[in-house]
Amino acid sequence: MWVGLDDTDSLAKGCTTYVATEIIKETIKKYDIIGYPRLVRLNPNIPWKTRGNGAIAIHFGKGYGKKREIGYIGKKIFSYEKGRDIFDKSFFKVVKKIIEKNAYMNDKKTNPAFVICKNKPTYKIYKKAVRSIVSIDEALNELKKCIYKTYKNGRGIIGSVAAISWKPYDRTYELISYGNEKYIDEESVIKMDKECKTTFDNYDYENKHIQITPRSLPVIYGIRGEDADELKKAMKIVKSSPVKRWMIFETNQATDEHLQKKKIEDIKPYESVIVKGVVNKKPNAIRGGHIIFSIYDGSIIDCAAYEPTKGFRKIIKELEKGDVVVVYGGVRTEPLTINIEKIKVMKLVKVYKKVENPICPKCGKHMKSMGKGKGYRCPECGIKADEKKARYEVIKRKIKPGYYEVPCVARRHLSKPLKRMKGYIEII
Ligand SMILES: [Zn+2]
């Protein structure tokens, strides 16, 4: 039996993962958790999301086989690798009560829902929800033999269904700790980052910023990594205000599952895309410190490295017209612009700089330019020469072909950091 829930937090407060721990606390006496509870991020570009657009799915059953410690909620919480299925309608009352107590119903963007399913909905609903837009009806059509409840405009049902339908073809883990105060020791975060090699996005060295505390209470911090067991070691290194409970979630964070390869003419608003193109216009800075350029593949689209991407903008500024790049990012509307998450520079063009005007073959003096692109003329003899006769030098480019990414301070939950890109298979 799967329990899915979404959209219980508000723009400022709460966390759907905390509501998940409340459900586990209440139901663990009766049933076991199979696998890890799941934190599933969905399309980051939709405008009506609350904050991180993360939904929860938990698999309950009667566990058997290997068990492992996955959290602490007043007592150690274990999960089983395997389990016999159950379907218990009494869960409805329990989950309903917890959601109604914890959800921020007054926030106009908060539209909670939960669903209890015997069987998993099809994977395609997740795939659509992470890459584009799913309607409430589409989500409800996926449900067979299940019970659910929606609140307010009911949009939370989309994430609830999509979270259950996720299959972790690629996955990472996040250990989330909860408490009443939010203090964290910076040095200990740096120490943890250096010692726990399979964790990522803990600390932004360029911007000197702790990255594991982006959210509000009751969350103290969330540590992300490849290896669930190393997260427990990482937690012991981090010094913080008292951790009252913690839980490890299996997640689709840092998987790039939101991205899809597209030709520019096929790009739709709110998607996240991978586009190969030729730089069509040299990047330039606009007001607010954003860097904008455009790429061409038969059609043209603008690409942006916005101010929050900090030092990444220095890389983007070095692009020149004619460079071949692959851009990864979310699509903003009006005008359609790709908000770059990372970029692969495939090929750099040679850039020339004029260092000397042509010399007059008759009198040996330097000729003078007749205006940009109009050639040269000797002021003494009147002899003309075209542009190519000047002497040019190749400018040394400051960037090399390869991948570049935004600093982790600007990273989106779903974006795969380059640290995870070894053995990288491009998404088709
Ligand atoms: Zn001359």
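Helix axes here are lines fitted to C-alpha atoms over the stretch in contact, and the angle between two of them runs from 0 to 180 degrees between N-to-C directions. Keep that in hand for the helix pair described below. The model is predicted.

Start with the overall layout. The C-alpha trace spans about 100 × 50 × 40 Å along its principal axes. The protein holds eight helices and 25 strands. Of its 428 residues, 42% are buried. Contacts often reach far along the chain: among those between residues at least 6 apart in sequence, 69% join residues at least 24 apart.

Next, the domains. The protein is divided into four parts: domain 1 (2-165), domain 2 (172-251), domain 3 (259-348 + 397-420) and domain 4 (351-395). Domain 3 is written as two segments, and domain 4 falls between them in sequence.

Now look at where domain 1 meets domain 2. Their centres, taken over C-alpha atoms, are separated by 23 Å. Across the boundary, 18 residues of domain 1 are in contact with 15 residues of domain 2. On the domain 1 side, the elements that give two or more residues are H1, strand E3 (38-41) and strand E4 (54-73).

H1 also packs against another helix. The axes of H1 (residues 16-27) and H2 (residues 91-102) come within 10 Å and cross at roughly 140°. H1 is therefore oblique to H2, because only angles over 145 degrees count as roughly antiparallel. The crossing of H1 past H2 is right-handed. From H1, the residues that meet H2 are Val19, Glu22, Ile23, Glu26 and Thr27. H2 answers with Phe91, Val94, Val95, Ile98, Ile99 and Asn102.

Then go inside. The largest nonpolar core has 66 residues. Val3, Ile58, Ala162 and Ile248 have the most contacts within that core. Domain 1 and domain 2 each supply at least three residues to this core. Which residues does Ile248 touch, leaving aside its neighbours within four places in sequence? The partners are Tyr36, Ile70, Gly71, Tyr173, Leu175, Ala228 and Leu231. A second core is separate from the one around Ile248 and has 28 residues, including Val279, Ile295, Ile315 and Ile338.

To retrace the route on the model, begin at H1, which lends residues to the side of domain 1 that touches domain 2. Follow H1 to its crossing with H2. Finish at Ile248 in the largest nonpolar core.

Key
Residues are numbered from 1 along each chain as its sequence is written. This is a predicted model: local features need pLDDT of at least 70, side-chain atom pairs count only at pLDDT 80 or more; totals for chains, interfaces and linings use all residues. A nonpolar core is a set of buried Ala, Val, Leu, Ile, Met, Phe, Trp, Tyr and Cys residues joined through C-beta atoms within 7 Å. A residue is buried if 20 or more other C-beta atoms lie within 10 Å of its own, exposed if 12 or fewer, and partly exposed in between; C-beta atoms are placed from the backbone. Domain bounds come from an automatic or database domain assignment. Two residues are in contact if their C-beta atoms, placed from the backbone, lie within 7 Å. Helices (H or I, at least four residues) and strands (E, at least two) are DSSP runs, numbered from the N terminus. Angles under 35 degrees count as roughly parallel, over 145 as roughly antiparallel, 65 to 115 as roughly perpendicular and the rest as oblique. A crossing is left-handed if the near helix is turned anticlockwise from the far one by less than a right angle, and right-handed if clockwise.
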